[in-house]
Amino acid sequence: MSGGSEDYEASHASLDHAIAHSTAMRHAPSKGSARLEKVKRGEFVNTMTMLAGREFNVSGNGRFSRAECCHVGARYLPSDGPSIVEDMNSRAYIGQFSGDGTLFVAGFQDRRIRIYDVDKGWTVRKDIQARNLRWTVTDTALSPDQRFLVYASITPVVYLVNVSSESGGVTSLANITDIHEGLNFASDSRGDVFGIWSLQFSEDGRELVAGSNDKCIYVYDLEANKPVLRINAHKDDVNAVVFADESCHLIFSGSDDNTCKVWDRRCFTLRGRPAGQLVGHLEGITFIDSRKDGRYFISNGKDQTIKLWDIRKMTSGPTTCKKDRKIPSFAWDYRWMDYPGMGRDVRHPYDQSLMTYKGHLVLRTLIRCYFSPLASTGQKYIYTGSHDGCVYIYDLVTGKQMSRLSYHRGTVRDCSWHPTEPMLVSSSWDGQLAKWEHRFGDKSTIEAPHISYDDFFD
């Protein structure tokens, strides 16, 4: 939400209590630190007060808890800069940190995929020339052990490359310097021709889940070297698919049919249909990110909104009521037109989302959105790229726009927040990877409060 709309804020004042409470607890200071600051627990506590409390061991643990680390870390947004990591003569479509933040993967339209070693001055570890590309690299995924990279295009074949530090030189040419193993998601008997928009490894690295433009979801077993599940999932392209949590039993999907669906692999064979669906977007979904708790996720939509969902609110079929209300719709194409509903109060009459976030632009391409890192912010924020060349950061619970990172001359399709540091990289169609950080030295000094042992006792 682009801040200031009282009517809009009032309509979403009843944000689901469970996630509001969970988010607050993920970055709450200890009772001792709150007592030192003379505030209620959960309210803002000065960093110097918390450091003093740690020295006095007010928590009894002798160190900061994870929540206290997030209480400090979440206040330092990566909004300074940027500095330029890469400047290419090709559109950047993908840009993501590895799970531990030591690597960064970027995919460009000119067939090039680069893996940067973040801890070694962003030197290039691998420079991969993609094989059999159609239009662009649509998605990449790094295996959990960081040994393998898979990349997709608008074809049914995904390619797997060994990118470990022991795999050879920097340059990776398909079947010349490295093997780019083709993983065919199509059934040979059907001779399918389709493209893959979204791709992700399972937590154990044994499976891949993919969403495609043939309206299907695929699960590929890497050990069996074949697709083991094909779901006729939606009525239009499946632009986004993600495992809900570490168990990988649940899959979330989003489509150009405007719906998000939840799939439970444990009972899909018997039921043959989704566990449920969620409606609220007026246009197609471009991306989904899971909170990794098996319950909440966010989606970016061509109706220029991000929505927060709780799967406990899903329904087993179309959501209607006795007095059926018309769902607003427009005849347009987001690839070259502006959204006709822009600036108008258009809403889905059966919106099941918990919160809606506005301000960014979802045009021209499948722009991505994410929860901020758990380890450093407690997932207090969500952030997204935008067609106007900016990155937007919103407060998850209040919906307020916390920061707008403006630099690029082209659409920011992807962006990635470092898992443990106040650093964010935006990947743009202007060919640049821009690194945003929090520059502590440029900030005003916070004076330490006077603390005495008497402050620890009522």
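This report describes a predicted model of one protein, from its overall make-up to its sheets, helices and backbone exceptions.

## Basis and overall make-up

Residues are numbered from 1 along each chain as its sequence is written. In this predicted model, local features need pLDDT of at least 70 and side-chain atom pairs count only at pLDDT 80 or more, while totals for chains, interfaces and linings use all residues, and side-chain values use heavy atoms, with hydrogens and water left out.

The protein contains seven helices and 29 strands; helices (H or I, at least four residues) and strands (E, at least two) are DSSP runs, numbered from the N terminus. Of its 458 residues, 56% count as buried, where buried means under 20% relative accessible area, exposed over 50%, and partly exposed in between (1.4 Å probe, protein chains only). The exposed surface of the protein is about 20300 Å², and carbon and sulfur atoms supply 47% of that area. Accessible areas come from the Shrake-Rupley method with a 1.4 Å probe, and for residues only the protein chains shown count as cover. Among the contacts in the protein with a separation of 6 or more, 55% are between residues 24 or more positions apart; contact means heavy atoms within 4.5 Å.

## Annotated repeats

The unreviewed UniProt entry places the feature "repeat: WD" at residues 189-230, 231-264, 278-312 and 405-437. UniProt positions are in the numbering used here, feature names are shortened, and annotations may be inferred rather than shown by experiment.

Residues 278-312 are 0% helix and 54% strand, with end C-alpha atoms 10 Å apart. For residues 405-437 the figures are 0% helix and 61% strand, and the end C-alpha atoms lie 11 Å apart.

## The sheet of β1, β29, β28 and β27

Four strands form an open sheet in the order β1-β29-β28-β27, with antiparallel pairing; two strands pair if DSSP finds at least two bridges between them. Its edge strands, each pairing on one side only, are β1 (80-87) and β27 (412-417). From one strand to the next, the twist averages 20°. Axes are lines fitted to C-alpha atoms, for helices over the stretch in contact, and angles run from 0 to 180 degrees between N-to-C directions.

Strands β28 (residues 423-428) and β29 (residues 432-437) run antiparallel and are joined by five bridges. W436 in β29 is the bridge partner of L424. P82 is located in edge strand β1, and the peptide bond leading from G81 to P82 is cis, with omega near 10°.

## The sheet of β23 to β26

A further open sheet of four strands has the order β23-β24-β25-β26, again with antiparallel pairing. Strands β23 (369-371) and β26 (401-406) are the edges, and each pairs on one side only. The twist in this sheet averages 15° from one strand to the next.

β25 (residues 390-395) pairs with β26 in the antiparallel sense over five bridges. Within β26, L405 stands opposite V391.

## The β2-β3 hairpin

Strand β2 (residues 92-97) has five of its six residues buried, so it is largely enclosed by the rest of the structure. β2 is antiparallel to β3 (residues 103-108), and five bridges join the two. G95 faces A106 of β3 as its opposite residue. The two strands form a hairpin with five residues between them, and G101 in the turn has a positive phi of about 80°.

## Helices α2 and α5

I19, A20 and T23 are buried in helix α2 (residues 17-26). Viewed down the axis of α2, the buried residues fall within an arc of 105°, so they line one face of the helix; the arc is that of the directions from the helix axis to the C-beta atoms. The cover over these residues includes β20 (296-301) and β21 (305-310).

In helix α5 (residues 66-73), the buried residues are A67, E68, C70, H71 and V72. Their cover includes α2, α3 (31-37), α4 (47-55) and α7 (374-377).

## Positive phi in the β5-β6 loop

Most residues other than glycine have a negative phi. N132, which is not a glycine, has a positive phi of about 50° and lies in the loop between β5 (123-129) and β6 (139-142).

W135 is located in the loop between β5 and β6. W135 is not a glycine, yet its phi is positive at about 75°. The residue is exposed, with a relative accessible area of 58%.
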